[in-house]
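Student: Please take one part of this structure and look at it closely with me. I would like to hear about pockets and cavities, and what surrounds them.

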Amino acid sequence: MGFQLSGVAHRQDAYFGLTDYLADQQSFYANLIYQSILGSTNHQYRTGISFQADNLNETVGNVLYERQELVPGAFLEYTFNHMDIFTAVAGFRADYHNIYGLFFTPRLHLRYEPVPKTVIRASAGKGQKTASIFAENMGIFASSRSIYLEQEKPEFPYGLEPETAWNYGLNFAQGFKLGAAESVFKLDYYYTRFLNQVVVDLDMNPQEVHFYNLEGESWSSSFQVQMDMEPLERYDIRLAYRLNDVQTTYGDQLMPRPMVAKHRAFINMAYSTKDLWSFDITWSWQGAKRIPSTESNPEPYRLEAYSPAYSLVNLQIGKTLFQRLELYAGIENLFGFVQEDPILASEDPFGPWFDSSLIWGPVFGRKFYGGLRFRIN
């Protein structure tokens, strides 16, 4: 049996030109857990009760947003383990929210290792949360956009319904021998479908941001392939590619989520010598990202519909001088790629066209650094 208690007090004062964002939060969490077995250790279960309390006060400009959430709940989780070859974890929560009422969140995790070094995992579950629309979207304050909340239910936080979604995952990992060391090949797929979502609409008007409940479809789909290997002694390579398909209904149109690259790739190579030198190089590539519409702006303050793809290269060299002391130096953004004119109307920060939230790439060029690293253990 275990008992967990935690408390958080947080205050944030942020000032964006003529707009202030002031926030106070007090949170309390208690969790009582009991764990045991059913007959043998192949069948385990844990159950318990929990309580979450959050008190938040946010001031945006001259408008105060207050909410108090009290959520008592109970949970039950069962784990079946068959010789470490197959494992299943099934869980179920029932919570009562003082504003939203009763809701349920089931969860299932499966792990199967049919042969050594081959592992298959699957998961599915449901989640619900209150969207903290300002704390999660602080970038909107670094612009001249006016804020509009399309409140359908005034009794709910911000007048908006909670976000709910089903999410699924599938993973495959295959270990194999390459050279003198073990290598791993991985495939990952994750899918989230929103039943309700708080939509942050930057496309309706370049001088406005609208928050409203989802009316239509919204999903996030992510596929990643990764290879970790050591073809030669002390020479490690990691290769990865990710495909993101993230779509949301804005107004009545299904569109890609802004500022999310559909394609990403990554290569890292690290080599160390017997005389304690280390060399590391990383290449990352991001594909095009959709930029919220600026079509109605004056021509000097319009952006393309999509950003260009770009690459970044980082280098680092290190030398271990003593057992715990290392000297290192490196370069970030080796080729100095930066987004040109990242801030719209930067010459007029209090004008109607100013917007520093539409940044899709790096704003700092080549950076040199160096230092000493001392390891205590």
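Tutor: What follows starts with the chain, then turns to the pocket, the cavities, the cores and two loop residues.

This is a predicted model, where local features need pLDDT of at least 70, side-chain atom pairs count only at pLDDT 80 or more, and totals for chains, interfaces and linings use all residues. Residues are numbered from 1 along each chain as its sequence is written, and side-chain values use heavy atoms, with hydrogens and water left out.

The chain comes first. The protein chain has 0 helices and 20 strands (DSSP runs numbered from the N terminus: H or I of at least four residues for helices, E of at least two for strands). Its C-alpha trace spans about 60 × 60 × 40 Å along the principal axes. Of its 377 residues, 34% count as buried (under 20% relative accessible area; exposed is over 50%, partly exposed in between, with a 1.4 Å probe and protein chains only).

Now the pocket. Rolling a probe the size of a water molecule over the atoms shows where empty space is left. On a 1 Å grid over the protein atoms alone, a pocket is an open set of points with protein on both sides within 12 Å along at least five of seven lines; in a cavity a 1.4 Å probe fits but cannot get out; lining residues have an atom within 4 Å of a point. The largest pocket has a volume of about 490 Å³ (the space filled by probe spheres set on the points, which are joined across faces, edges and corners). Its lining holds 23 residues, and Glu 136, Asn 137, Val 200, Tyr 250 and Arg 257 lie nearest its centre. β11 (198-201) and β14 (235-250) are the elements that give two or more residues to this lining. β11 gives the most, with 3 residues. By class, the lining has 14 nonpolar, 5 polar and 4 charged residues (Ala, Val, Leu, Ile, Met, Phe, Trp, Tyr, Cys and Pro are nonpolar; Asp, Glu, Lys and Arg charged; the others, Gly among them, polar).

Next, the cavities. The structure holds 2 of 30 Å³ or more. The largest has about 60 Å³ of space. Its lining includes Arg 145, Trp 353, Phe 354 and Asp 355. That lining divides into 6 nonpolar, 4 polar and 2 charged residues. The second largest cavity has a volume of about 40 Å³. Tyr 158, Glu 161 and Val 198 are among the residues that line the second largest cavity. Here the split is 7 nonpolar, 1 polar and 1 charged.

Tyr 158 appears again in the largest nonpolar core (buried Ala, Val, Leu, Ile, Met, Phe, Trp, Tyr and Cys residues joined through side-chain atoms within 4.5 Å). This core has 17 residues, and Tyr 158 and Leu 149 are among those that touch the most other members. β2 (19-38) and β12 (208-213) each supply at least two of its residues. Leu 149 touches Tyr 65, Ile 133, Phe 134, Tyr 158 and Phe 211, leaving aside residues up to four places away in sequence (contact means heavy atoms within 4.5 Å).

Last, two loop residues. Most residues other than glycine have a negative phi. Asp 84 has a positive phi, near 60°. Asp 84 sits in the loop between β4 (63-82) and β5 (86-97), and is exposed at 52% relative accessible area. Ala 345 also has a positive phi, near 55°. Its loop runs between β19 (325-332) and β20 (367-374). At 5% relative accessibility, Ala 345 counts as buried.
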